Amino acid sequence: MLKGARVALPGGVVDNGEVVVEGDRIAANAQENAQVIDVTGHYVVPGFVDIHNHGGGGASFTSGTVEDVLTGIDTHRRHGTTTLVASTVTGDMDFLAQRAGLLSELAEQGDLAGIHFEGPFISPCRKGAHSEELLRDPDPAEVRKLIDAARGQARMVTLATELPGGVDSVRLLAEHGVIAAIGHTDATYEQTVEAIDAGATVATHLFNAMPALGHRAPGPIAALLEDERITVELINDGTHLHPASLQLAFHHAGPDRVAFITDAMDAAGFGDGRYMLGPLEVEVADGVARLVEGGSIAGSTLTLDRAFKRAVTLDGLSVEDAVTALSTTPARLLGMSDSIGSLEPGKYADLVLLDASFDVKGVLRRGVWVVEPHLV
Ligand SMILES: [Zn+2]
């Protein structure tokens, strides 16, 4: 039993609250002989859920071995991410199918919450850090191949829905229960509306890798922000978005339609230096990852604990709203609200202990300490 904490419950933050853990679950009441840990002065929030993440700890989900992938997962866990969807970057179709096989095994054993394919079905005009020569139009048959290769573990595909085959691919994904995410797109407002009507439900890192909001050409941003069916991903690292853009999106969509993501690459939780993102070389300096050739931003070095801290200390969000955008909303998107996303009896005991400055002082995943509580 954790006692004395400020606990982020679904209805709001409760002072001097308790969280009881039994086995891998949260329990309603403590047994008589329960071990009690006094965490007075600390916050207890639900474990973070990252639906867009390419790696960390020096390891890549797109190219690493099984051991590398586990290193990346563990790195993010230590920063509070107890549920993680591994993202690939654009690659050759056979290579991506092979990666899907490897990652799906880790998903089956519970280390990942599934796979997100970012590319290759994206726009050459908005390619960001994806190799142009490997991009292709979203042919539903090829989308289907990737889903099949993931053996039930495909959670999301990011695609430019305005390309030939884009809307049909959205329909195919929706039929298979895979999230169709609009991103790396050059779509107009009208084309975006068409894709949403076809079943797209996520905006991949809203603002990044898409046309800007214009007064006569509102583009995808207006369509994605205004539609209740869309959840928008935001990268809250202070580099990808001006704080005012982030706040505009947050206040317009509301916490129930925002998922904070990292879009992290290998350098997250590791350090500056030279890395590969798929086939492309990346230089990380002062925590900002850029392609060596061309200088495009190439993912982030963000971890979700930092996204949380920025949200409540710099962006003026309440703890409750930050918890919603970092846990509850992404859990719901993944269809996992029954087991994660809030601190309620019966759900997994996935939680993060934060001090008064919102720095991580403990991480519990499925009832096991990933980071032992270190309280001062
Ligand atoms: Zn990404």
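In this predicted model, three strands line up as β16-β17-β18 in an open sheet with antiparallel pairing. The two edge positions go to β16 (273-277) and β18 (288-291); each has a single partner strand, so one side of each is left without a neighbour in the sheet. There's some twist here too: ignoring direction, neighbouring strands are turned by 35° against each other on average.

Zooming in on one pairing, strand β17, which covers residues 280-285, is joined to β18 by four bridges, and the two run antiparallel. As for who faces whom, valine 284 sits opposite alanine 289 of β18.

Further along the chain comes a helix pair. Helix α8 takes up residues 304-313 and helix α9 residues 319-333; they pack with their axes 9 Å apart, at an angle of about 145°. The crossing of α8 and α9 is right-handed. On the α8 side, the contact draws on Leu304, Ala307, Phe308, Ala311 and Val312, while α9 chips in with Val319, Ala322 and Leu326. Sorted by class, that contact of α8 with α9 comes out as eight nonpolar residues, with no polar and no charged ones.

As for annotation, an unreviewed UniProt entry places the feature "domain: Amidohydrolase-related" at residues 43-370. Across residues 43-370, helix makes up 31% and strand 23%, and the C-alpha atoms at the two ends of the span lie 17 Å apart.

Notes: Residues numbered from 1 in each chain as written. Predicted model: local features only at pLDDT ≥ 70, side-chain atom pairs only at ≥ 80, totals over all residues. Axes fitted to C-alpha atoms, helices over the stretch in contact; angles between N-to-C directions. Left-handed = near helix turned anticlockwise from the far one by under 90°. Contact = placed C-beta atoms within 7 Å. Nonpolar A, V, L, I, M, F, W, Y, C, P; charged D, E, K, R; others polar. Pairing = 2+ DSSP bridges. UniProt positions renumbered as here; feature names shortened; annotations may be inferred.
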